[in-house]
Amino acid sequence: MKFGALLVAAALLAQLFPCKVVAETTSEKIKKAEEVKKQTEAQKEAVSDKKEALEDERKQLKGYLDQLNADLTDISENLEELEARIDSKLAEIDVTQGEIDVAIQNENKQYDLMKKRIKHVYESGEPSMLQSFLTAKSYGDFLNKAEYIKETEAYDQKVFASLIELREAVQEKKAVLENEKAELDVLREQAAAEQSKVSSIVSSTSGQIAARDGAISVAELEEAAYEAELKAQEENLTALKKQLAEEQAMSRRAAQMAWRDVSELTYEEGDRDLLACLIYCEAGNQPYEGQVAVGAVVVNRMRSAAYPNSMVGVIYQNKQFSPVASGRLAARLATGANAQCYQAADDAMNGSTPVGNCLYFRTVIPEINGQIIGGHVFY
């Protein structure tokens with residue numbers, strides 16, 4: 001039921017909007033196929049050029065990546081060297097700090113000794129300078145005692161001063177080492193920043209290379225698809241050229257073979273409907289003369305010994321009338337053609353032929369010389 005309703009709907013639409021069917025010749029099919037093939041070749045060439053450009057870009061990026069990796073290796077080695085130097089400076093600073101600690105201890109120890117000695121001289125009940133003078137056996141003995149005290153104090157001061165000088169020298173050495181270490185820290189930070197920067201570029205470049213690899217793979221697939229399409233098109237062209245040669249041979253053969261008179265033709269029941277519906281599908285929007293001409297082409301084929309001698313045989317011959325293959329003829333047969341197409345079919349079946357013995361027709365194109373009626377050229 002649904003299928004029948006669809007046929008009725010299709011028939012109603014066909015009555016409201018008669019279709020103009022293009023009866024495409026093999027020559028035009030070849031021309032179109034060659035144009036399509038050229039387009040496919042151009043598309044394949046564009047894809048090949050794109051793939052080549054991508055491969056060049058990938059090669060350049062790979063070279064850049066190799067250089068970046070080499071730079072990264074140098075930076076990493078430089079960082080390792082800086083780390084080693086910093087560790088060495090830290091060790092030297094630790095040693096120097098130990099030397100400073102020892103110097104401070106010696107300085108404090110000497111200072112304590114000086115304080116103890118002074119305390120011993122002045123607070124331990126030892127004779128004072130005046131007592132030393134009074135108890136001296138002689139002035140020389142007094143001078144000796146005074147000189148001893150003076151020399152002792154001078155020695156203590158000298159030792160203390162040298163210890164201070166040693167501590168200050170060691171502290172200065174530590175300051176120098178710390179400055180050197182700070183400079184190395186700056187270099188290390190710069191190297192680490194450069195390493196991070198180069199690593200980021202390496203990652204980005206690797207991503208770009210991966211993207212190019214993906215694009216190249218896609219281009220290769222497209223290229224392979226176009227190659228397969230070109231192969232299929234070439235095979236189609238070969239088949240069409242073979243078909244054209246066969247049609248040309250058929251035309252030559254038809255011209256040399258006998259033609260029957262219209263009066264010798266016999267029509268079966270349903271032939272009138274079949275021809276009228278074909279006329280409707282092929283030339284429903286053409287002038288009446290053009291509709292009769294389409295019917296005449298079918299009748300001419302029936303008259304020629306090169307074609308089937310029946311209406312059904314001619315119309316349903318393989319790859320001759322496109323409405324047959326598309327199903328439009330079957331849909332039209334379900335409801336019938338209009339009165340004008342039936343009249344055109346009657347005239348053609350009775351021998352009316354505005355196009356003489358023409359066996360083919362199609363929409364008008366400059367490449368075909370023939371008799372033009374409406375939008376069709378007959379040849």
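Biologist: What is the relative accessible area of Tyr316?

Modeller: The value is 41%, so Tyr316 counts as partly exposed, because that class lies between buried (under 20% relative accessible area) and exposed (over 50%), with a 1.4 Å probe and protein chains only as cover. This is a predicted model, where local features need pLDDT of at least 70 and side-chain atom pairs pLDDT 80 or more, while totals for chains, interfaces and linings use all residues. Residues are numbered from 1 along each chain as its sequence is written, and side-chain values use heavy atoms, without hydrogens and water.

Biologist: Where along the chain is Tyr316 found?

Modeller: Look in the loop that links α7 (311-315) to α8 (322-326). Helices (H or I, at least four residues) and strands (E, at least two) are DSSP runs, numbered from the N terminus.

Biologist: Which residues form a nonpolar patch with Tyr316?

Modeller: Val312 and Leu333 join Tyr316 on the surface, and together they have about 250 Å² of accessible area. Patch members have over 30% relative accessible area and no salt bridge; nonpolar side chains are joined within 5 Å, like charges within 9 Å. A salt bridge puts a side-chain nitrogen of Lys or Arg within 4 Å of a carboxyl oxygen of Asp or Glu. The areas are Shrake-Rupley values with a 1.4 Å probe.

Biologist: How many helices and strands are there in the protein?

Modeller: The protein has 10 helices and three strands. From the N terminus on, the order is α-α-α-α-α-α-α-α-α-α-β-β-β. Buried residues are 33% of its 379 residues.

Biologist: How many residues of α6 are buried?

Modeller: In α6, 14 of the 16 residues are buried, so this helix is largely enclosed by the rest of the structure. Expected span is 1.5 Å times one less than the number of residues. For α6 (residues 288-303) that gives 22 Å, and its end C-alpha atoms are 22 Å apart, which agrees.

Biologist: And how many residues of α5 are buried?

Modeller: α5 is mostly covered, with 11 of its 13 residues buried, including Asp271, Cys277, Tyr280 and Glu282. Helix α5 (residues 271-283) reaches 18 Å from first C-alpha to last, close to the 18 Å expected.

Biologist: In what order do the three strands of the sheet run?

Modeller: Strands of a sheet pair through backbone hydrogen bonds, parallel or antiparallel. Here the open sheet has the order β1-β3-β2, with antiparallel pairing. β1 (361-363) and β2 (371-373) are at the edges with a single partner strand each, so one side of each lacks a neighbour in the sheet.

Biologist: How many bridges join β1 to β3?

Modeller: Three bridges join β1 to β3 (residues 376-378); DSSP must find at least two for strands to pair. Phe361 stands opposite Phe378 in β3.
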